[in-house]
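Reader: Hello! I am new to this structure and would love a close look at one part of it. Could you pick a good spot and walk me outward from there?

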Amino acid sequence: MSGWVIAFGGILRREVLRFARQRERFLAALVRPLVWLFIFAAGFRSVLGLSITPPYKTYILYEIYVTPGLCGMILLFAGMQSSLSMVYDRETGAMRSLLVSPFPRWFLLGSKLVAAVMVAVLQVYAFLLIAWIWGIRPPLVGFVAVLPALVLAGVMLGALGLLISSAIRQLENFAGVMNFVIFPMFFASSALYPLWRMKESSLLLYHICRINPFTHAVELVRFALYGQLSMLSLAVTAGCAVVFFAATVVMYDPAKGLWRGKRAAG
Amino acid sequence: MQQSAASNAAALAVAGVSHRFGSVEALRDVSLMVPQGSFCALLGVNGAGKSTLFSLITRLYDSTSGRIEVAGYDARRASRQALARIGVVFQSRALDGDLTLTQNLAYHAALHGIGGAAARARVAEVLALVGLHDRAAARVSTLSGGQQRRAEIARALLHRPQLLLLDEATAGLDVRARADVMTLVRGLIATQGVSCLWATHILDEILPADHVVVLHRGRVLADTTSAVLAAGQTLAEAFLQLTGLPEGAA
């Protein structure tokens, strides 16, 4: 077996083992969207009327609309969790052992990203299964079609998480990420309400939502879940994934980025 | 390949390395050489630049100027070959406390492209070498401080490196555990033929015949044997005199 495959397998295995050890992390990742689905969406069902909007072919309940957004929420939080663990590993020194591997840094970071996405995608499928039992039933083909969309959206959000991790100097600063990245990205998107609704309320906010990459990640998942492809969302999500990952590689490059400015202890 | 014929004899060759963190000069024109199969103590107080030098050797980041070669491979231009020949024990813990010793070592073997039966054999081999074969299934967080340092050394030896870098490897250990680690490392040099750069500020760890490089405020002040450096005094007295530090600093 090639050394590259072995190295990727090792990184993936560690991610899975760590995840399996932290069952509360799995529960927290599931409880968050389920609370939104069971409580928030039930409350909003009567307030928000939803007309026929692609990819839906009929009027739909709010729970159905919000489900792809909640899949995106799982991926978004998983990406930020990955960022948090990178900052933690850097503070404790554990990341050094990863970065002194003879494999190129882009490969190590990419492997860590893909491994984290695979774990996050499992969480999304667990959520979709519970949503199915709750009565949200997209076509069965959608469960297969959504896989590449989830992977791509996960890679884009995970790469953003890695990029953020390169800019955060201390673990304590991570609360700022919640306030300045996760919440604005999630609320200023099409995850919770259709953009035409947003346009009626505020044109400026509508345009902000339109340029938010998270909106396109959610729409990519939404269309895929119904066996369709949104080319615009695919292009934006893929483009952002490439840009975020390339910027991460630059930030972690030994000759550039954060490591040059961080003084070692002794 | 950028392997230099001139440096074939050296496990590590550092030539004229300087590094700055913004306006702070961390290393200035540092040069040292560790011959193959030898022990070299990098002696310096906290903040001397030892960890910065280790970070440059392991290419955590690149130096501002100068050249570093590991077994003749340029750390910057042939970093893959250079890093494949280095085993490093950092000052801070690199093992995952939530995973077992075997799981940790299998992960680090994979980071060097070693998997399957070869990885299992190497893990068993290094655990036996450091005397932890009976703790293979234990979670790292349940190991004592001394056992964790030995586990870190086992991790560093997995890919059979030519050069072992140990950064304050005995920090926080009691006298017995420190002696165990020192005996282990010196034994590895004698039996496995690895070279070792041992960064420390604990003078008791250095024997009279040891090669010593004194690093102070980012500069090399001495590069000789411990006995020559001491020159009739204790090593502590000679170190304080050389660095100009007040008594009790070493």
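Author: Let's start in chain B of this predicted model, where strand β3 (residues 39-43) lies alongside strand β8 (residues 195-200). The two strands of chain B run parallel to each other and share five bridges. To find one spot in this pairing, look for B:Cys40, which faces B:Leu197 in β8(B).

Now widen the view. β3(B) and β8(B) belong to an open sheet of six strands, and reading across chain B the order is β6-β7-β8-β3-β9-β10. The pairing in this sheet is mixed. At its edges stand β6 (86-89) and β10 (219-225) of chain B, each of which pairs on one side only. From one strand to the next, the twist averages 15°.

From β8(B), step across to β7(B). These two strands are also parallel, and five bridges join them. One place to see this is B:Leu166, whose bridge partner in β8(B) is B:Trp198. To get from β7(B) to β8(B), the chain passes through helix α6 (residues 175-192) of chain B, and this β-α-β crossover is right-handed.

β7(B) deserves a pause of its own. Five of its five residues are buried, so the strand is mostly covered, a residue counting as buried when 20 or more other C-beta atoms lie within 10 Å of its own. In a regular strand, side chains alternate between the two faces of the sheet. In β7(B), B:Leu163, B:Leu165 and B:Asp167 point one way, while B:Leu164 and B:Leu166 point the other way. Notice that B:Asp167 is buried along with the four leucines.

One more step brings you to the edge strand β6(B). It runs parallel to β7(B), with four bridges between the two. Two pairs are handy to locate: B:Val89 has B:Leu166 as its bridge partner in β7(B), and B:Val88 has B:Leu165. In β6(B), B:Ile86 and B:Val88 point one way and B:Gly87 and B:Val89 the other, and all of them are buried. So what lies across these two strands, β6 and β7 of chain B? It is helix α5 (residues 145-157) of chain B, which runs at about 165° to β6(B).

Chain B has another sheet to visit. This open sheet has four strands in the order β2-β1-β4-β5, and its pairing is antiparallel. Its edge strands are β2 (24-35) and β5 (73-74) of chain B, each pairing on one side only. Strand β1 (residues 10-21) of chain B and β2(B) run antiparallel and are joined by eight bridges. Within that pairing, B:Arg20 stands opposite B:Glu25 in β2(B).

Next, turn to chain A, which has 12 helices and zero strands. Its radius of gyration is 19 Å, close to the 18 Å that the globule rule gives for 266 residues, so chain A is as compact as a globular protein of that length. The C-alpha trace of chain A spans about 65 × 40 × 35 Å along its principal axes, and 45% of its 266 residues are buried. Among the contacts in chain A between residues at least 6 apart in sequence, 77% join residues at least 24 apart.

For a single residue to rest your eye on in chain A, try A:Val124, found in helix α5 (residues 105-134) of chain A. A:Val124 is buried, with 26 other C-beta atoms within 10 Å. Leaving aside neighbours within four places in sequence, A:Val124 is in contact with A:Cys71, A:Ile74, A:Leu75 and A:Leu150. The C-alpha atom of A:Pro68 is 9.7 Å from that of A:Val124, although 56 residues separate them along the chain.

Finally, look at where the two chains meet. The contact takes 30 residues from chain A and 40 residues from chain B. On the side of chain A that touches chain B, at least two residues each come from α1 (3-21), α4 (94-99) and α12 (257-261) of chain A. The largest share, 10 residues, is supplied by α1(A). By type, the residues on that side of chain A are 14 nonpolar, nine polar and seven charged.

Conventions:
Residues are numbered from 1 along each chain as its sequence is written. Chains are lettered from A and ligands numbered from 1 in the order in which they are written. This is a predicted model: local features need pLDDT of at least 70, side-chain atom pairs count only at pLDDT 80 or more; totals for chains, interfaces and linings use all residues. Two strands pair if DSSP finds at least two bridges between them. Axes are lines fitted to C-alpha atoms, for helices over the stretch in contact, and angles run from 0 to 180 degrees between N-to-C directions. Two residues are in contact if their C-beta atoms, placed from the backbone, lie within 7 Å. A residue is buried if 20 or more other C-beta atoms lie within 10 Å of its own, exposed if 12 or fewer, and partly exposed in between; C-beta atoms are placed from the backbone. A crossover is right-handed if, with the strands pointing away from the viewer, the path from the first strand over the helix to the second runs clockwise. The radius of gyration is taken over C-alpha atoms; the globule rule is 2.2 Å times the number of residues to the power 0.38. Ala, Val, Leu, Ile, Met, Phe, Trp, Tyr, Cys and Pro count as nonpolar, Asp, Glu, Lys and Arg as charged, and the others, Gly among them, as polar.
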